[in-house]
Amino acid sequence: MKETLPEIIQSNQGEAIGNKLFPIFLKLEELKIIIIGGGNVGLEKLTALCKNAPATQITVLANKFSPELLHFAKNKSTILLITKSYENSDLNGFQIAISAVNDSTLSKQITDDAHDKGLLVNAADKPEYCDFYLSSIVTKGNLKIAISTNGKSPTVAKRLKEILTDTLPEEIDQTLENMSSIRQKLTGNLPQKIIQLNAITKTLIEGESKATTMGKSNWLSSLSLTKIIIFGSLLAIFFMVLGYAIISNLPPTWIANIQSYSDQLSKTNFYWMLLAGFLAQLVDGAMGMGYGVLSTTFLLQSGVSIAAVSSSVHMAEMFSVGAAGISHYKYKHVNKKLLLRLAIPGAIGAICGALFIGAFGNKYGKMLRPFISVYTMYLGIRIIQKAFKKRNKDKKKLTNVTPVALSGGFLDAFGGGWGPLVTSTLISGGRDPKYTIGTSTLTKFFTSICSTATFVFVLGEAHFNVIAGLIFGGLIAAPIAAKLSGKLNLKTMFICVGSLVILCSLKVIWSAIMK
Ligand SMILES: C[C@@]1(CC(=O)O)c2cc3[nH]c(cc4nc(cc5[nH]c(cc(n2)[C@H]1CCC(=O)O)[C@@](C)(CC(=O)O)[C@@H]5CCC(=O)O)C(CC(=O)O)=C4CCC(=O)O)c(CCC(=O)O)c3CC(=O)O
Ligand SMILES: NC(=O)C1=CN([C@@H]2O[C@H](COP(=O)(O)OP(=O)(O)OC[C@H]3O[C@@H](n4cnc5c(N)ncnc54)[C@H](O)[C@@H]3O)[C@@H](O)[C@H]2O)C=CC1
């Protein structure tokens, strides 16, 4: 169906309901602007102007400047500070005035004077005097989104800005660049061009792969992350099986292996593994964490070697975490920038942790066991703490995530703990819980692949009986957990799980001491 130009234009016009402000984007660098008031608000407006239009010549006039403003203006040739009391003639030669004084009579005076002289005015203390409002601004390269709440709640505008900044993909700027070059090359009249451009960008609004429409993008960005994850896990499993086949080498060894598996199966009580997988998945599915800690805690009771416990838990976990990670990604709970910043150190940590366990786990297993239990007991305490901790919303966002991810990946190889360590540290460090849980879960999927691959490839640790028990147990629990999720009181759950982990860990420590 072809649209005509008037139809297209009409379909692009929304009706203003509620907010009747008209947003425009000023070429501020070509205008002359004065701010009256050199306190906190004056500085806030000045910072916003400088950040968005750095070359703008800005005059700030006040009878006293705050030290912060003086510091900000230092060495900036575009800012002129004038220390004096305001008078009418100060507005001469300017086109825009912002009043940020702490005196509403003066603010009214400045507004009236400015209007007499034909200036546009913003009065920070009185929305009703303003000709325009400043907005919360989201910037991604060439893209700029200005948010206004019609003066109802600047704080909500600020929060929306944070949400949009996190959710809008960084590639959007590349998309704009590509569209710009496509736009130059299109031929035909305007209505034909509009139809073509609408068709090219259709997938953007359908939420499909942003990259495929843009022609120029590389093959990786044209694959959706979901496909990459599925492809990646299949590849990882294929290589692990292949790796194991190579390690086992000859057919007679294979047969011997299968025999030793069935021996092991009866020796190491398969049902115990099933129970570990069931409980771990039940709790993790309902609470979003605890799989590693719980299954490790349980398996340590069954007497399986530490390296076997860790390698099996991670391989089994790859499936459950992978599935959870994909759904987080689908619901757009993944912050790609954070994902990258967590995944690299997380993966390095995981590989080092797996190597460490592999090197010392079997030799000094008996000695290590109580230490690992001390660690899982600490994780149990952290889980209980989580039940009581409130998120500190005003705290500055934790930005240096490398050490957290590095140690999280390393320690996770010992008995889980990525969730209780990394996710809770990031959330208590002021990051948004929804995006942190989503991103951290997907990262954990990659670190699990790394530690599992290390266990299987480098160390030859593959214990398919344990893995099978964990996976089957998990499969039975998954639908039950999904039903339970959201219905349970989280605080009680955290306390129960934390206590269970602490009790099991204490049991292992106690029997080590008594021996
Ligand atoms: C009408 C408007 C006129 C204008 O200033 O342009 C206006 C007016 C007022 N703001 C007040 C208070 C606060 N303003 C902020 C923050 C911002 N205020 C901004 C814009 C606007 N503020 C315009 C409407 C925009 C819209 O339509 O939504 C932002 C978006 C842009 C910017 O300033 O650059 C920037 C966020 C920047 C970012 O994204 O980070 C915070 C929060 C904080 O600082 O954390 C607080 C304290 C908490 C609170 O009150 O919500 C008060 C009461 C003063 C008092 O009570 O003493 C008034 C006067 C009144 O409402 O009467
Ligand atoms: N729109 C917004 O985003 C917000 C607006 N406000 C409002 O903004 C106003 C200013 O707040 P702050 O910056 O915190 O106050 P402040 O007390 O820190 O700064 C006031 C500034 O005005 C200057 N000033 C006062 N009288 C003057 C005169 N006659 N001539 C020249 N300069 C003069 C002072 O020297 C000082 O630099 C307040 O009325 C406040 O309610 C507050 C928060 C946010």
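Which of the 22 residues around ligand 1 come nearest? In this predicted model, the nearest of the 22 residues around ligand 1 are S136, S148, T149, G151 and P154. The shell around ligand 1 draws its largest share from helix α5, which supplies five residues, and α2 and α5 (154-167) are each represented there by at least two residues. Sorted by class, this shell holds nine polar, eight nonpolar and five charged residues.

The second ligand is likewise surrounded by 22 residues, the closest being G37, G38, G39, V41 and D125. Helix α2, which spans residues 40-52, gives the most to the shell around ligand 2, with three residues. The residues of that shell comprise ten nonpolar, nine polar and three charged. Helix α2 therefore appears in the description of both ligands, as the leading contributor around ligand 2 and, around ligand 1, as a supplier of at least two residues.The loop that follows strand β7 (143-147) and leads to α5 contains N150. The phi angle of N150 is near 65°, a positive value in a residue other than glycine. N150 is classed as exposed because 12 other C-beta atoms lie within 10 Å, and a residue with 12 or fewer such neighbours counts as exposed. According to an unreviewed UniProt entry, the annotation "domain: Siroheme synthase central" covers residues 141-165. Over residues 141-165 the chain is 48% helix and 20% strand, and the C-alpha atoms at the two ends are 11 Å apart.

A positive phi is also found at N75, where the angle is near 65°, again in a residue other than glycine. N75 is placed in the loop between α3 (67-73) and β3 (79-83), and N75 counts as exposed because 7 other C-beta atoms lie within 10 Å.

Beyond α5, the loop between this helix and α6 (172-185) contains P169. P169 counts as partly exposed, since 16 C-beta neighbours are found inside 10 Å, a count that falls between the limit of 12 or fewer for exposed residues and that of 20 or more for buried ones. Although P169 and K336 are 167 residues apart along the chain, their C-alpha atoms are separated by 7.5 Å.

Taken as a whole, the protein has 21 helices and seven strands. Of its 515 residues, 36% count as buried. Among contacts between residues at least 6 apart in sequence, 74% join residues at least 24 apart.

The unreviewed UniProt entry also carries the annotation "transmembrane region", which covers residues 228-250, 270-294, 306-326, 338-361, 367-384, 441-458, 464-482 and 494-513. Two of these stretches may be described by their secondary structure. Over residues 306-326 the chain is 100% helix and 0% strand, with the end C-alpha atoms 29 Å apart. Residues 441-458 are likewise 100% helix and 0% strand, and in this stretch the end C-alpha atoms are separated by 25 Å.

Helix α14 (residues 306-330) packs with helix α13 (residues 291-302) at an angle of about 145°, and the axes of the two helices are 10 Å apart. The crossing in which α13 passes α14 is right-handed. On the α13 side, the contact is made by Y291, G292, S295, T296, L299 and L300, which meet V309, V313, E317 and S320 in α14. The residues of this contact divide into five nonpolar, four polar and one charged.

Towards the end of the annotated stretches, F494 is placed in helix α21 (residues 490-514). F494 is buried because 22 other C-beta atoms lie within 10 Å, where 20 or more are needed for a residue to count as buried. When neighbours within four places in sequence are left aside, F494 is in contact with I383, I384, K386 and A387. One of these partners, A387, is 107 residues from F494 in sequence, yet the two residues are 5.7 Å apart in space, C-alpha to C-alpha.

Note on methods: Residues numbered from 1 in each chain as written. Chains lettered and ligands numbered in written order. Predicted model: local features only at pLDDT ≥ 70, side-chain atom pairs only at ≥ 80, totals over all residues. Near = placed C-beta within 6 Å. Helix = DSSP H or I, 4+ residues; strand = E, 2+ residues; numbered from the N terminus. Nonpolar A, V, L, I, M, F, W, Y, C, P; charged D, E, K, R; others polar. UniProt positions renumbered as here; feature names shortened; annotations may be inferred. Axes fitted to C-alpha atoms, helices over the stretch in contact; angles between N-to-C directions. Left-handed = near helix turned anticlockwise from the far one by under 90°. Contact = placed C-beta atoms within 7 Å.
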